[in-house]
Each structure stands twice: as C-alpha cells, then as structure tokens.
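Here are a few exercises to work through with the model open in your viewer. Try each task before reading its solution.

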Amino acid sequence: MSGRDLFCEPRRIRRGAALTLVFASVLVAGAATGSFSDSDRKTEAGTPRSTSARHHEEVTDAAARAMADGKSPMEAAARAVSRSGDRWGAVYSQGDYEEFEEALDGQYTGVGLWARRERDGRIEVTRVRTGSPAAAAGIREGDRLRTVDGAKVDGRPVTEVVSLLRGDADDADAGTKVSLGLERGTRTWSRTLRRARLSTDSVTVSRLTGDVTMIKVDAFTKGVGDAVRSAVGRAGRAGIVLDLRGNSGGLVTEAVTAASAFLDGGLVATYDVNGAQRALHADSGGDTTSPLVALVDGGTMSAAELLTGALQDRGRAVVVGSRTFGKGSVQMPSRLPDGSVAELTVGHYRTPAGRSVDGRGITPDLEADKESLQRAETVLSGLGDPS
C-alpha cells in the first residue's frame, strides 16, 4: 500500500464512512463550479420528479428540520443519504468540501513527500518533491519515517500518516510546523518542517525501451488534459503507453481533453442527469496513428474509466491490465443550511458503444497483473511503426 501527503482524500473517506472517489468529476462538482445550469439542477414545474430529485429533496428537508430543532444538519443529511440507498451519496463538512475543491485545482498543503508502508509495518519515503519543505530538509527516497509530531507511525495505515503530515486534525494551513522523526541506515534524527502550499504533479512522462513514451496520469486535475496533449505531441513514433493504473478520477472535462489527444473528434461518452441525456465529444485533430496501449487496474476509476472506455470502444487503444473499479455514476452536490454539502447520484454515463460502467468496470483486452507494463511493451512492438 502506498500514499502521499501531496493530496489526501477528504476525511470522511479516510474514516471509511463511504466508498467514493478521491476526486469529484466536473459532473460531481457541477454545482460548485457552475458547470450545471439551473435547469439541470431543478425540476421544472409540472414535470414528474425523478427518484434522485425526490432523494435530494428528502435530504435537504432533513437538514433544514434538524437546523430548526437545533440539531446537526450534516448528521441529519447523512442519515437521509444512508436511508436513500444511494451507495455513492455522501455528505461533506464545509472544510472537507473545500479540500475537494483544492484537489480539483491541483493544489495541496503539505511537505512534499510520498510514502508507503512496508510489509514489516515501517513507513518508507518513496519520493520527495523537488523544491518542497521535505527536500529542503534533506529528506531522501528510502528514508524511514518514524514519528510525526511525536506520534509513532510504524504499523499505521498510510492514510493516517498522510493525515498527520497534513495536519488534518487541526486544519493546518501553510506555514504551520510539523516535526518528523527519521531514520537512514543507523542514523536517526529529527527535523521540523513548515507546511507549504504546493501543486500536484498529476502527469509524469518517461521513455521506455525502444523510444516508447509512457504517460502516467495519476488524476484528472485542472490542466491535466492539456499536459497529456503536450506529451503526445512530443512522443516518439514507437508508440505510447497511457498509464491509468491507480487513477481515481477527476474532472471529466480534463478526461475529455485527454481523449482529444488521441481521437479526431467524435463521441467520448454519454450521460444522463435526472433523465436528460447529454453527450461528451472529443475535439478534432488528435493523434490517431501512433500505437497506443492503455494500462488499467482495479484502482482505475470514474473519469479514468470514461477515458478508457472511449479509447477501447473507438478502437484507438489496446487496454491491458485488470478490470477497472466500476464507478460510472454522476453525482451533484448542494449546500445545506450549515454550509456542509450533500452529494447524491443523479445519473450514469455510458461508453460510446453504450456500455454501462457503474458496478461493472471495464474489462481489458489483455488480462495482466504484475507484468502489465511488459505486456504493454510487447503489444506496442506488435502494432508496429505507423509509418
């Protein structure tokens, strides 16, 4: 298991209160970002209300009644969501939702290190961001993280360690201090760092053997689509591996922009919001000739599945790996009286061929587990040079 302090799931996810996305898609965050018009958010007078619209009204009413009675609107809304049977429905505190919005902007507060828990329970630093507080403190890949603010971290889930690094319990801001106990070989030492406002690196580009370009996309935050298009423009002619393993989703608009890097227009996905059908289309002018393999696994979710399904259905990529997560529903948030946010499912999206992803995931063209990257390189060598 691995994790990083540059972005952390909202606290309700870390508590295990609900299984949901690390990132809200633009459909999920539509009300907050203005992506939905009023007609999308409200049922017109005289028209039948959908089940989701009724659930939305029930949750909002429950919150309003609780507030009038001097009780917690957030707790009341959470109970109403639970009763609704909406497995993706959830309620965020105002602070948690702000974390969501920050994540969508590709921003975070932390010290700039990645970590993983080894089999013996030790927490090991796997990467340090250049120019970050962790880098300035001399922390290196392979160092062992022993304590955070005096609390021992051995044996803890990485998500808890991430929470300590970020200072989530105190809603720590940039500039606040965090003390780390570290170990390197036989040396042990402590460093006090100041958290900083940093930006995510959601796209990593590297070269594999034979001039193959690998584009690793961790999440679809703002700007990722253009970053993918730029990487495709610089890629070698030997082919591209688009690594979407562990990609927990993000902004659907960014996923569509990424799809535009590989498609010359056409359908990317369809979706419905309270019964109203919508379609998402790629821009024209993408690279349709370079050999392409998409790597996926059980951590490939939502917007990443939308992109995978489009490339697979359109015959643009060979998909290699294991079945994806299966999160193909659309959520819409709304503010509750105390500033918290209720998020309820309002529809589902489908691939260009009409396949539903929710609860099913996407089956790769070639099943592979640990050797998936090697299989991808083999596939690319078989596809050959487009010239």
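**Exercise 1. Place E343 and state whether this residue is buried or exposed.**

Solution. Start with the secondary structure: E343 sits in strand β19 (residues 341-350), where strands are DSSP runs of E with at least two residues, numbered from the N terminus. Next, take the relative accessible area, which is 2% for E343. Buried means under 20%, exposed over 50% and partly exposed in between, with a 1.4 Å probe and protein chains only, so E343 is buried. Finally, look along the chain: A78 is 265 residues apart from E343, yet their C-alpha atoms are separated by 9.9 Å.

A note on the source: this is a predicted model, where local features need pLDDT of at least 70, side-chain atom pairs count only at pLDDT 80 or more, and totals for chains, interfaces and linings use all residues. Residues are numbered from 1 along each chain as its sequence is written, and side-chain values use heavy atoms, leaving out hydrogens and water.

**Exercise 2. Find which residues touch the most other members of the largest nonpolar core.**

Solution. First, the term: a nonpolar core joins buried Ala, Val, Leu, Ile, Met, Phe, Trp, Tyr and Cys residues through side-chain atoms within 4.5 Å. The largest one has 42 residues, and F220, V228, L242, F262 and V268 touch the most other members. Helix α11 (residues 303-313) gives the most to this core, six residues. Then zoom in on V228: leaving aside residues up to four places away in sequence, V228 touches V203, I215, V217, A258, A261 and F262, with contact meaning heavy atoms within 4.5 Å.

Technical notes:
Helix = DSSP H or I, 4+ residues; strand = E, 2+ residues; numbered from the N terminus.
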